[in-house]
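Thanks for coming. Please have the structure open on your screens while I talk.

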2 protein chains.
Amino acid sequence: MKSQVTLKELARKLGIATSTVSRALKDNTEISIETRIRVKKLATELNYEPNALALSLRRSKTYTIGVILPELVHFFFSTVISGIEDVTFSKEYNVILCQSNESLEREISNCKALFNHRVDGIIACISKETTNYNHFIALQEKGIPLVFVDRENPVDASKIISGDFNGAYDATQYLLKSGCKRIIHLAGPQNLVLSQERMNGFLKAHQEYGIATDENQIVRCGGGETHEAFEIVRNLIEKKYLFDGIFAVNDMAAVGALKAVQSAKLRVPEDVSIIGYSDWALCAFISPPLTTVQQKGYEMGTKAAELLLKEMHSKDTFIEPSIIVLPTKLILRESTRILIQNDH
Amino acid sequence: MKSQVTLKELARKLGIATSTVSRALKDNTEISIETRIRVKKLATELNYEPNALALSLRRSKTYTIGVILPELVHFFFSTVISGIEDVTFSKEYNVILCQSNESLEREISNCKALFNHRVDGIIACISKETTNYNHFIALQEKGIPLVFVDRENPVDASKIISGDFNGAYDATQYLLKSGCKRIIHLAGPQNLVLSQERMNGFLKAHQEYGIATDENQIVRCGGGETHEAFEIVRNLIEKKYLFDGIFAVNDMAAVGALKAVQSAKLRVPEDVSIIGYSDWALCAFISPPLTTVQQKGYEMGTKAAELLLKEMHSKDTFIEPSIIVLPTKLILRESTRILIQNDH
DNA sequence: CTGTTAGCGCTTTCAT
DNA sequence: ATGAAAGCGCTAACAG
């Protein structure tokens with residue numbers, strides 16, 4: 001970087017004090033109009049831009065927030081970061097972005113880096129590996145406002161979470177109401193509360209509907225990837241394990257399941273109904289278009305950013321954490337049968 | 001933020017000078033072993049972390065790079081940022097992320113914010129609106145290394161671009177070789193060099209194949225969105241405009257075209273072959289799976305970050321810009337007919 | 001209306 | 001082996 005234009009340099013060129021330049025630039029009325037004009041003119045000429053570092057150091061405030069997300073390439077997270085960025089941009093905050101790559105070690109490193117940069121606050125989504133939360137608690141102890149998104153965890157902080165239980169409940173209920181007799185659930189990693197919640201919603205819907213479930217209906221689907229689900233479902237079919245509905249922990253798994261069902265010459269939704277989770281971009285375009293539970297990632301991002309900014313600006317030293325549950329929405333497409341509404 | 005632990009505080013607690021503490025912490029051999037141990041012990045106890053702001057100010061180096069991307073939610077860009085982040089993380093750099101939302105005004109604002117933060121370098125992809133490049137040139141004049149990704153532009157800077165011309169050429173050639181007689185091209189915004197290149201590749205392939213093209217084969221498809229392409233193609237079919245191949249400027253448009261073709265009861269690929277561009281996640285899962293030109297977003301991100309870091313660390317004041325063209329790859333799926341190789 | 005001074009947290013030269 | 005002092009760029013209290 002070439003030599004920067006600084007207040008000092010402006011002052012020297014104009015033969016006045018730096019403090020005068022500083023004041024003139026912010027239109028302080030104590031400074032004479034003429035001086036203000038002279039200063040601003042030169043500043044524009046030399047393309048002066050204030051050094052945010054010096055300002056931050058001075059103010060002990062960086063106007064920067066940190067964001068830690070597991071994987072940027074996942075559609076859901078990309079919508080979250082997009083939401084965050086839109087809000088912070090409008091409030092003239094900047095975002096330092098870190099991706100933990102689902103690694104605890106990297107997440108810890110991210111926390112440290114963000115603290116060192118003295119970000120004014122942090123929005124984070126824990127990695128799949130995270131079972132210890134000391135690095136987040138350390139942040140809080142250092143007084144940095146922290147808001148979690150999406151994946152639940154035991155830290156006593158504000159959170160924007162998705163109504164996983166309800167989303168799963170709604171999806172399962174729909175399958176049941178539309179006539180499914182035996183539904184399997186492709187479950188996600190059990191250390192993620194989200195996986196548990198979706199499983200619990202699945203179970204609860206059965207219970208309320210008066211249908212017993214057995215453990216064979218819950219099938220672990222490791223990382224919830226397409227190929228895993230494909231293998232699992234193909235296996236079930238080969239073993240003549242019968243089912244007429246699938247509720248998958250996410251859309252990728254649902255797509256794998258769909259392919260497996262179709263490759264066994266079973267029809268979707270006539271023979272098997274399938275519901276995914278997340279409403280990935282692809283869902284509407286596969287064949288048949290996938291019924292799924294929509295999670296509002298963008299909204300989660302904006303809400304998280306708004307909440308964080310609010311907490312950052314709060315005068316209180318102690319802030320009661322807020323937990324905001326964002327409702328999900330069942331998007332009906334053609335991988336499920338049509339439900340004849342009988343209202344009452 | 002609560003009171004920070006600073007060098008000064010450590011020094012006070014230990015009854016020594018801050019400069020000694022500073023040195024001890026970095027294992028300066030001029031400091032006695034005992035002092036070093038004492039200092040480090042207290043630093044660990046109090047959870048001391050250096051203030052990156054102060055360091056940056058002192059060193060005139062922030063170990064931070066800025067990234068400006070049009071839209072984070074697009075799969076391609078999310079892979080780019082992911083690639084960038086992985087490289088910078090491994091080199092202990094941080095990323096300040098901005099999304100321009102395809103707005104020139106916002107892009108200008110992003111440039112300013114990044115400069116104010118005194119980032120050590122910038123990676124940017126111009127917005128669709130950008131036709132004036134002064135804000136980028138200003139950055140260069142201030143001596144900030146700049147690397148562009150993906151969308152070509154006239155600024156004299158290093159660039160990692162995708163071989164759009166060749167990608168389009170390959171795709172078109174495949175259609176031709178597999179028997180298409182009349183192919184239409186759904187073209188993108190013409191102010192984007194990428195759109196022009198893809199169109200030129202389309203034309204060149206015809207030319208080399210000895211097939212004349214007329215302007216009716218090039219159909220403007222505004223923003224290249226799914227619904228636009230759907231309307232356009234449906235219209236063409238209704239007007240009995242004949243074609244047996246479609247090369248779309250991107251996958252979204254290709255999907256729209258596919259739906260339109262199918263809804264007119266034409267078969268893909270038997271009646272109409274379709275090729276998209278970008279290899280979005282959805283491509284493999286729609287029906288039929290879409291043949292597309294794969295762009296290596298992640299690799300583009302890593303390459304851009306590596307090049308930027310290299311330029312940042314160069315001692316030379318003037319650096320000859322490098323233009324790296326990343327080859328594309330035609331991913332054959334089922335929206336195109338199978339080509340019988342005749343390796344003459 | 002403007003200048004002087006101190007200090008944000010850190011490193012580094014120069015003394016001792 | 002350690003300390004004092006200056007300075008990175010900026011602001012704000014204080015002085016005049």
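I will start with the two protein chains, then take the two DNA strands in turn. One caution before that: this is a predicted model.

First, how do the two copies relate to each other? Two copies of a chain are related by a rotation about an axis and a shift along it. Here, a turn of 180 degrees and a shift of 0.1 Å along the axis lay chain B on chain A, with an RMSD of 0.1 Å. That is the relation of a two-fold axis.

Now the contact between them. Chain B puts in 53 residues, and chain A puts in 53 residues. Of the interface residues of chain B, 100% are also interface residues in chain A, so the copies meet through the same surface. The two chains bury about 5100 Å² between them, with 59% of that area on carbon and sulfur atoms.

What holds charges opposite each other here? The rule finds four salt bridges across the interface of chain B and chain A. One of them pairs Asp86(B) with Arg106(A), whose closest N and O atoms are 2.8 Å apart. As for polar contacts, 23 residue pairs are counted between chain B and chain A, with both residues at pLDDT 80 or more.

Which elements of chain B supply this side? At least two residues each come from H4, helix H5 (75-90), strand E2 (94-99), helix H6 (104-116), helix H7 (134-141) and helix H11 (251-263) of chain B. H5(B) gives the most, with eight residues. By class, the side of chain B that touches chain A has 23 nonpolar, 20 polar and ten charged residues.

Next, DNA strand C. It has 24 residues around it, and the closest are Thr20(A), Arg23(A), Leu7(B), Tyr48(B) and Arg58(B). Of the atoms of strand C that come within 4 Å of the protein, sugar and phosphate make up 62%.

Two contacts go to phosphate. A side-chain N or O atom of Thr20(A) is 2.6 Å from a phosphate oxygen of DNA strand C, and a polar side-chain atom of Thr35(A) is 3.0 Å from a phosphate oxygen of that strand. A base is reached as well: a polar side-chain atom of Arg23(B) lies 2.6 Å from a base oxygen of DNA strand C.

The surface near strand C draws at least two residues from each of H2 and H4 of chain A, and from each of helix H1 (7-14), H2 and H4 of chain B. Its residues are nine nonpolar, eight polar and seven charged.

Last, DNA strand D. Which residues come nearest to it? Out of 26 residues around strand D, they are Leu7(A), Arg23(A), Tyr48(A), Arg58(A) and Arg23(B). Sugar and phosphate account for 68% of the strand D atoms within 4 Å of the protein.

Here a backbone atom takes part: an N or O atom in the backbone of Asn51(A) lies 3.3 Å from a phosphate oxygen of DNA strand D. Chain B reaches base nitrogens of this strand, with a polar side-chain atom of Ser19(B) at 3.3 Å and one of Arg58(B) at 3.2 Å.

For strand D, the elements that each supply at least two residues are helix H1 (7-14), helix H2 (18-25) and helix H4 (52-59) of chain A, along with helix H2 (18-25) and helix H4 (52-59) of chain B. The surface near strand D divides into nine nonpolar, ten polar and seven charged residues.

That is the end of my part.

How values were computed. Residues are numbered from 1 along each chain as its sequence is written. Chains are lettered from A and ligands numbered from 1 in the order in which they are written. This is a predicted model: local features need pLDDT of at least 70, side-chain atom pairs count only at pLDDT 80 or more; totals for chains, interfaces and linings use all residues. Side-chain values use heavy atoms; hydrogens and water are left out. A residue is near a molecule or strand if one of its heavy atoms lies within 4 Å of it. A polar contact is a pair of N or O atoms within 3.5 Å; within protein, one must be able to donate a hydrogen and the other to accept it, and residues adjacent in sequence count only if both atoms are side-chain atoms. Helices (H or I, at least four residues) and strands (E, at least two) are DSSP runs, numbered from the N terminus. Ala, Val, Leu, Ile, Met, Phe, Trp, Tyr, Cys and Pro count as nonpolar, Asp, Glu, Lys and Arg as charged, and the others, Gly among them, as polar. Copies are superposed by least squares on the C-alpha atoms of residues with pLDDT of at least 70 in both. Contact means heavy atoms within 4.5 Å. Buried area is the accessible area (1.4 Å probe) that two parts lose on being put together, summed over both. A salt bridge is a side-chain nitrogen of Lys or Arg within 4 Å of a carboxyl oxygen of Asp or Glu.
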